[in-house]
Amino acid sequence: MPDLLLELFSEEIPARMQAKAADDLKKMVTDALVERGVVYEGASAYATPRRLALTVHGLPIRQPDSREERKGPRVGAPEGAVQGFLKSAGLASLDQAKIESDPKKGEFYVAVVEKPGRPVPALIAEIVPEVVKTFPWPKSMRWGAGTLRWVRPLHSIICTFGPETEDPEIVHFEIEGVDVGDVTRGHRFMAPAEIKVKRFEDYVAKLEAAKVVLDPARRRDIILNDARNLAFAQGLELVEDDAILHEAAGLVEWPVVLMGAFDASFLSVPDEAIQATIRANQKCFVVRDPKTGRLANRFVLIANIEAKDGGAAIVAGNERVIRARLSDAKFFWETDQKPLPGFEDKGKPLDQRLAKIIASNVVFHAKLGTQAERIERIAGLAEAIAPQVGANPALTARAARLAKADLASEMVGEFPELQGLMGRYYAEAQGEDASIAAAVEDHWRPRGANDAVPTDPTAIAVALADKLDTLVGFWSIDEKPTGTKDPYALRRAALGVIRIILDNGLRLPLLATIGKVPFANGDKVAGSLLDFFADRLKVQLRDQGARHDLVDAVFSLGGQDDLLLVVRRVEALGRFLGTEDGKALLAGTKRAANILRIEEKKDGAGAYAGGADPALLTEAEEKALYEALQQAKQSAAAAVASEDYEGAMTALARLRRPVDAFFEKILVNAEDAGLRLNRLKLLEEIRTATRSVADFSRIEG
């Protein structure tokens, strides 16, 4: 079967845009083929700095014929409606239409429109120009006198179609003077001559010979393996960096890995700052000395050319730039530890930075006060949380006040991603307690789903205070996340609180803690925020394989603000519902709830409160259920009170057989009104007993 080869050759495409552009090209072309009834066996897209390429294999030669029945106006309709129908269906007269009958609408005309399939190359000639003209680049440009927009000037297009056994044909079309053919170019410097290609395999091989590796995954493999080997040859280890790896692969068509060096005196700067400097400015990897665990004064760079001098000039150029940048980093590092002009009397360097933040009167948010006011709120809340997490209140308050101080440092001003980390270095340098230094760094965590959570009690208290202040503050001014919009990262903050509590096994009543934030004015904010935590917890547990409906069943009991106990209850409930007793009791409880819901419409909500009267129980099954309920309620309540949720489930499991027997033998809606009411009260007791653990009506199944 024939294959399609498409290449869009241009000036350099930004590395950050290449992967999505390749995916977009594949989707747009294949979607357009499928819309026209053309199916295929497979498709792959690739990107290099100067080209997007697509291969679609297993295509048919022709589009399938189509047959469509188009309904027209009723027989006897006005002439205008008839003529419009004939024109749209492509018919010369009503003789070419057939008449069908509908029992309700009567007789009406139907046109059978048959379209023969077109050659697939003709369809491609329509599709590709449409794709090029509507391509969704994040940024694009126009050049020359034309109107075509592309990420960078588009020079040529390869578009060939044909089977493996024959020379493919060139699919010709017009896009504002851009050449369409079977010619591309290799590496800009090492093989700039034109290359004539046929099908995809031929295209890949000839590009490789012309110093272009088409597949970005293979370029990444080359870079990573060569960089590892080069470091190993020097007795060093590569510090792997996925972001740099992907970007470097998007900057070169023929990766050449080289190693440079910098003055060892720069190793006095923290490793992370060295890596951030080299990473940000030159997109290079750093290497580590396995003997010390510290960075070595070497770096690995990726060139796009096999230079005649072995890359010496390229390395020297990178070394000059890195030397200058590391000089800046060293200056920042040393400056940040010296007295801050104008604030020398404010204590240690971090205290001086804090004083600068306070003096600058920087606004955190127009409705939430200044950064200085926020720092004091966090310090007060952290100090209040400290005893609950085993932290020293005084140390915690000190850590909270210093936690944001490095934001006023030169190093963090240059490299914002080092916030917290540099604060820890500065805290250690000025002799702060180890727990304070840890809190200054770790209070930002977790920054993402895969980031570690703080484990030091002081860091835990500050991290919780920081995130809860943010959440309560923005909740109080009604700046909540909506849809996909979350400009203040409140979902991440809530997940951070959840992970800190759960990963550290903390018992922290959220409602009481939220109430200590000045903005938590009233139950409305606290209640709404607790619902938000419930939603985030559902996301967290669902990602771990738990059922979200069980979280709903526990939270719906009200007042469930101890997340650790909520999770334990959910886990115990999940295990219980996995047993035969659990499944049967759930079915019985739902049956009871359904009957109660129906009957409450007649008698009114709350009509069955107060418990059943044992004197009105006449049948053995209802007496047995009543006795079982009294024991189960007492045992389950005692187990819940002692936080023994497995014990509570065991107590409820004893209800299975009495509930089954009751529904099998007893008519709830008895003719005697008193008997009926008492039996409904018995059903209410089933619902009440199970609610000691969860609201079973919220559980699916």
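# A walk through the helices, cores and loops

The crossing of α10 and α15 is right-handed, and these two helices make a good opening selection in this model, which is predicted. With both displayed, their axes lie 8 Å apart and pack at an angle of about 130°; that makes α10 oblique to α15. To see what fills the interface, show the side chains of R374, R377, I378, L381, A382, I385, A386 and V389 on the α10 side, which meet P457, I460, A461, V462, L464, A465, D466, L468, D469 and T470 on the α15 side. Coloured by class, this contact has 13 nonpolar, one polar and four charged residues.

Keep α10 (residues 371-389) on screen and add α11 (residues 393-402), whose axis comes within 8 Å of that of α10 and crosses it at roughly 155°. That makes α10 roughly antiparallel to α11, and here too the crossing is right-handed. In α10 the residues to select are I375, E376, I378, A379, A382, E383, A386 and P387, and in α11 the residues they meet are P393, T396, A397, A400 and R401. The residues of this contact divide into nine nonpolar, one polar and three charged.

Just before α10 in the sequence, select N361, which lies in the loop between α9 (349-360) and β18 (363-365). N361 has a relative accessible area of 52% and is therefore exposed. If you draw a distance from the C-alpha atom of N361 to that of Q371, the separation is 7.1 Å, although the two residues are ten places apart along the chain.

Next comes the interior, where the largest nonpolar core has 143 residues, and where M411, F533 and L537 are those with the most contacts inside it. Helix α15 (residues 457-476) gives the largest share of this core, with twelve residues. Centre the view on F533 and, leaving aside its neighbours within four places in sequence, look for its contacts with L468, L471, A494, V497, I498, L510 and I514. A second core, separate from this one, has 39 residues, and L8, I127, I175 and V178 are among them.

From V178 it is convenient to move to S156, which lies in strand β9 (residues 154-162). S156 has a relative accessibility of 13%, so it counts as buried. Apart from neighbours within four places in sequence, S156 is in contact with E7, L8, F9, V178, D179 and V183, and two of these, L8 and V178, are included in the second core.

Another polar side chain to inspect is N318, which is found in helix α8 (residues 312-336). Its relative accessibility is 13%, and N318 therefore counts as buried. Select Q282, C284, F299 and L301 to display what N318 touches once its neighbours within four places in sequence are set aside.

Now go to helix α13 (residues 421-429) and helix α14 (residues 434-442), whose axes come within 7 Å and cross at roughly 165°. The two helices are therefore roughly antiparallel to each other, and α13 passes α14 in a right-handed crossing. On α13 the contact is made by L421, G423, R424, A427 and E428, and on α14 by A437, V440 and E441. By class, the residues of this contact comprise four nonpolar, one polar and three charged.

Following the chain out of α14 brings you to P446, which is found in the loop between α14 and α15. Show the backbone at this point, where the peptide bond from R445 to P446 is cis, with omega near -5°.

On the other side of α15, D478 has its place in the loop between α15 and α16 (490-503). Its phi is positive, at about 60°, although D478 is not a glycine. With 56% relative accessibility, D478 counts as exposed.

The last stop is E643, in the loop between α22 (620-641) and α23 (645-653). The phi of E643 is near 65°, a positive value in a residue other than glycine. E643 has a relative accessible area of 34% and is therefore partly exposed.

Notes: Residues are numbered from 1 along each chain as its sequence is written. This is a predicted model: local features need pLDDT of at least 70, side-chain atom pairs count only at pLDDT 80 or more; totals for chains, interfaces and linings use all residues. Side-chain values use heavy atoms; hydrogens and water are left out. A nonpolar core is a set of buried Ala, Val, Leu, Ile, Met, Phe, Trp, Tyr and Cys residues joined through side-chain atoms within 4.5 Å. Buried means under 20% relative accessible area, exposed over 50%, partly exposed in between (1.4 Å probe, protein chains only). Helices (H or I, at least four residues) and strands (E, at least two) are DSSP runs, numbered from the N terminus. Contact means heavy atoms within 4.5 Å. Axes are lines fitted to C-alpha atoms, for helices over the stretch in contact, and angles run from 0 to 180 degrees between N-to-C directions. Angles under 35 degrees count as roughly parallel, over 145 as roughly antiparallel, 65 to 115 as roughly perpendicular and the rest as oblique. A crossing is left-handed if the near helix is turned anticlockwise from the far one by less than a right angle, and right-handed if clockwise. Ala, Val, Leu, Ile, Met, Phe, Trp, Tyr, Cys and Pro count as nonpolar, Asp, Glu, Lys and Arg as charged, and the others, Gly among them, as polar.
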